[in-house]
Amino acid sequence: MTDISAEHTPMRSDDYQAQDAAHHLHPFTDTKALNAKGARIITKGEGVYIYDADGNKYLDGMAGLWCMAVGYSQQSIVDAVAAQMQELPYYNTFFQTSHPPALKLAERLAKVTPSHINHVFFTGSGSESNDTVVRIVRHYWATKGQPDKKTIISRKNAYHGSTMAGASLGGMKDMHEQGDLPIPGIVHINQPYWYAEGGDHDPESFGLARAQELEQKILALGADNVAAFIGEPVQGAGGVIIPPASYWPEIQRICHKYDILLIADEVITGFGRTGEWFASTYYGITPDIISIAKAVTSGYLPLGGVLLGERVANVLINEGGELQHGYTYSGHPASCAAALAVLDIMEQQDIPNYIKHDIGPYMQERWRALGEHPLVGEARMIGLMGALELTPDKATRAPFTVKQGTVGMLCREHCLHHGLVMRATRDTMIVSPPMVITHAEVDELIAKASQALDATYAEAEALGYL
Ligand code: PXG
């Protein structure tokens, strides 16, 4: 008789790691270094927790990659996707066709978006959304008889995706160095990062000065050559950089003054993360275009979109002719079904309100208390996204003398050791948990983060980094 017991022994991380190393090239990873140590193998998710192949449990403080808004075990999404897969697993939205999931989702999005936004172009990801944005804004101005109005102004340390246009709009130096980016017609101004770059300025005057760099750049390029300004309302991947309150109103004023389109990349901040459906509402701005992805399906399936305000939609639809742009999976029926089920949950649980009035203030208070830790120079949080700036000297906000990112990486490892996923960008720890996190789970997250900070402090001290 064949012994089949081996087949039924659950695979452990070791078993998977060699397979992974042999055939899999990972995103944003030094694959050679990873292969030497082996990837963490995640096999299960439940609520706000993930489990690895060895049965270790982690509180997912990053909601996957900022996307897992409604938590890992929502059966209604699974059922909605399964039903759609059985009915119509795929059809496209090209060539004069549509299908119920795409048209229903477009209608639902128009209801939750700011009132001047009533149209969506579907994509498969945030990167595709931002590539679409570049094409749409240039087509918009060309249609209006101003084809030279095509430069897009973005910001250093922005993240807008990994495709050619996404990475070019982004302001990540390391990304630009690989592949000769940015592509022509995309330029960058400084970011409103008061903690690291504000020096002795107070945050509000610093925010204003950084916004006014937009005006200087427009004047240098000539307003007739500038199509748009793009920014994440709160920079996510760059380190949860919450701009001073003076920043966005001034950006809006400048865009109006010079007739420049305002684009909000809400791939992270959209769908409740700041306590409003969109962070644009939080900041009181009315962008002409909003990029979305991530939380719209909570990552259950890939989907992105470009939300178009009336100003742009009217020109594209009434005067633009055929849009020479589209993706095979624009409005994929299963992804749209997932998004509709996610929106049901968000509306039934009133997630933006839960973040604005309940779990947000609760977590913010506890998070800011971590700012008392000797290793933390600033603990900031908006809605349910936050950052801890690690420093050897709280008074001066000084960086570490050891290579940037070394202490952040130590802290990330200590977090994992304590059963918490928290990301390090440079020496800034960032958190963005599932939006359905409970009070008890917030307490657990804070306790684990606190233990990890203590352990990081002890190790950094022993290594002479303090
Ligand atoms: N815009 C923003 C603001 C994003 O945060 C994208 C666009 C691109 O989305 P896609 O779906 O193409 O990945 C993003 C993605 C990180 C990290 O480490 C952040 C993102 C993606 C991967 C990692 O913080 N943001």
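1. The helices α11 and α12 are roughly parallel to each other. This is a statement about a predicted model, as are the points that follow. The angle behind the description is a crossing of roughly 20°, with the two axes coming within 8 Å; angles under 35 degrees count as roughly parallel. Helix α11 comprises residues 203-221, and helix α12 comprises residues 247-258. The crossing of α11 past α12 is right-handed.

2. The contact between these two helices involves, on the α11 side, Gly207, Leu208, Arg210, Ala211, Gln212, Leu214, Glu215, Ile218 and Leu219. On the α12 side, the residues are Tyr247, Glu250, Ile251, Arg253, Ile254, Cys255, Lys257 and Tyr258. Sorted by class, the contact of α11 with α12 contains ten nonpolar, two polar and five charged residues.

3. Arg210 deserves a separate remark. This residue lies in helix α11 and takes part in the contact with α12. Its relative accessible area is 13%, and Arg210 is therefore buried, the cut-off for that term being under 20%. Beyond its neighbours within four places in sequence, Arg210 touches Ile189, Asn190, Gln191, Pro192, Glu197 and Tyr247. Of these, Tyr247 belongs to the α12 side of the helix contact.

4. A loop between α11 and β7 (226-231) holds Gly222. The relative accessibility of Gly222 is 24%, so this residue counts as partly exposed. Gly222 and Pro302 are 80 residues apart along the chain, and their C-alpha atoms are separated by 39 Å.

5. A second helix pair is formed by α5 (residues 75-87) and α15 (residues 333-348), whose axes come within 8 Å and cross at roughly 150°. The two helices are therefore roughly antiparallel to each other, since angles over 145 degrees are given that description. Here, too, the crossing is right-handed, with α5 passing α15.

6. In this second pair, α5 contributes Ser76, Ile77, Ala80, Val81, Gln84 and Met85 to the contact, and α15 contributes Pro333, Ala334, Ala337, Ala338, Ala341, Val342 and Ile345. By class, the contact of α5 with α15 consists of eleven nonpolar and two polar residues, with no charged ones.

7. Helix α2 (residues 13-23) has three named buried positions: Ser13, Gln17 and Asp20. These residues cover an arc of only 70° around the axis and so sit on the same side of α2. They pack against α3 (31-37). On the face turned away from this buried side, α2 carries the exposed residues Ala18, Ala22 and His23.

8. Helix α14 (residues 310-319) can be read in a similar manner. Its buried residues are Val312, Ala313, Val315 and Leu316. Viewed down the axis of α14, they fall within an arc of 165°, and they therefore line one face of the helix. Their packing partners are β4 (117-123), α7 (126-143), β8 (261-265), β9 (289-292) and β10 (304-309). The face of α14 turned away from the buried side bears the exposed residues Ile317, Asn318 and Glu319. After α14 comes Gly321, which has a positive phi near 70°.

Notes. Residues are numbered from 1 along each chain as its sequence is written. This is a predicted model: local features need pLDDT of at least 70, side-chain atom pairs count only at pLDDT 80 or more; totals for chains, interfaces and linings use all residues. Side-chain values use heavy atoms; hydrogens and water are left out. Helices (H or I, at least four residues) and strands (E, at least two) are DSSP runs, numbered from the N terminus. Buried means under 20% relative accessible area, exposed over 50%, partly exposed in between (1.4 Å probe, protein chains only). Contact means heavy atoms within 4.5 Å. Axes are lines fitted to C-alpha atoms, for helices over the stretch in contact, and angles run from 0 to 180 degrees between N-to-C directions. Angles under 35 degrees count as roughly parallel, over 145 as roughly antiparallel, 65 to 115 as roughly perpendicular and the rest as oblique. A crossing is left-handed if the near helix is turned anticlockwise from the far one by less than a right angle, and right-handed if clockwise. Ala, Val, Leu, Ile, Met, Phe, Trp, Tyr, Cys and Pro count as nonpolar, Asp, Glu, Lys and Arg as charged, and the others, Gly among them, as polar. The arc is that of the directions from the helix axis to the C-beta atoms.
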